[in-house]
Amino acid sequence: MLLTGFSTFVWLLYMVMLALAVIALFMAATAREDAYRAADKQKKSFWLIILGITVAVNLFVPILFLQLAGAVASIVFLVDVRPALRAVSGGGGRRGGSSSDGPYGPYNGGR
């Protein structure tokens, strides 16, 4: 009974790590190449390779150490790199702004 519960927990942990890696890989693939340079982060190809290996390890290699290393890489991408890319790209960082807002604040039409 206890062993069944533990194996279910470990399976759920593996699924969460796989989902995290897939989401990070998708977000890395959809970001623009020049945003990586502008945010002063590693190249897009670097993140695609690291996160692609992470997805492959989570799918095909049941070695917990490698999966945890991939989870760390996914978390670093999602917590550090992605917000920097969004800030550089101007994607969704402002809430409550209007359509007349420019890059330096609201545009008032020269008034």
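Rings of Phe, Tyr and Trp, the last taken by its six-membered ring, count as a pair if their centres lie within 6.5 Å. In this predicted model, that rule yields two aromatic pairs, and F46, W47 and F77 together form one aromatic cluster. The points below take up that cluster, then the helix α3 in which W47 lies, and lastly a nonpolar patch on the surface.

**The aromatic cluster**

- A pair of aromatic rings is described by two values, the distance of the centres and the angle of the planes.
- F46 and W47 make an edge-to-face pair, with 5.4 Å from centre to centre and 85 degrees between the planes; planes over 60 degrees apart count as edge-to-face, so the angle of 85 degrees places the pair in that class.
- W47 also pairs with F77, and this pair is tilted, with a centre-to-centre distance of 5.5 Å and 55 degrees between the planes.
- The pair of W47 and F77 links distant parts of the chain, since W47 belongs to helix α3 (residues 44–60) and F77 to helix α4 (residues 64–89), 30 residues apart.
- W47 and F77 are both buried, W47 having a relative accessible area of 8%, whereas F46 is partly exposed, with a relative accessible area of 35%.

**Helix α3 and its two sides**

- Helix α3 is made up of 17 residues and spans 24 Å from its first C-alpha to its last, which is close to the 24 Å expected at 1.5 Å a residue.
- The buried residues of α3 are K44, W47, L51, T54, V55, V57 and N58, and because they cover an arc of only 165 degrees around the axis, they lie on the same side of α3.
- On the face of α3 that is turned away from this buried side, the exposed residues I49 and F60 are found.

**A nonpolar patch on the surface**

- L3, F6, F9, L13, L64 and L68 form a nonpolar patch on the surface, and together these residues have about 610 Å² of accessible area.
- Two elements, α1 (2–30) and α4, each give two or more residues to the nonpolar patch, and α1 gives the most, with four residues.
- L13, one of the residues of the patch, is found in helix α1 and counts as partly exposed, at 33% relative accessibility.
- A residue needs over 30% relative accessible area to be part of a patch, so L13, at 33%, meets that cut-off.

Notes
Residues numbered from 1 in each chain as written. Predicted model: local features only at pLDDT ≥ 70, side-chain atom pairs only at ≥ 80, totals over all residues. Heavy atoms only, no water. Phe/Tyr/Trp six-rings, centres within 6.5 Å; stacked < 30°, edge-to-face > 60°. Buried < 20%, exposed > 50% of the residue type's maximum accessible area, 1.4 Å probe, protein only. Patch = residues over 30% accessible without salt bridge, like charges linked within 9 Å, V, L, I, M, F, W, Y side chains within 5 Å. Areas by Shrake-Rupley, 256 points an atom, 1.4 Å probe, with all protein chains shown as cover. Salt bridge = Lys/Arg side-chain N within 4 Å of Asp/Glu carboxyl O. Expected span 1.5 Å × (residues − 1). Arc of directions from axis to C-beta.
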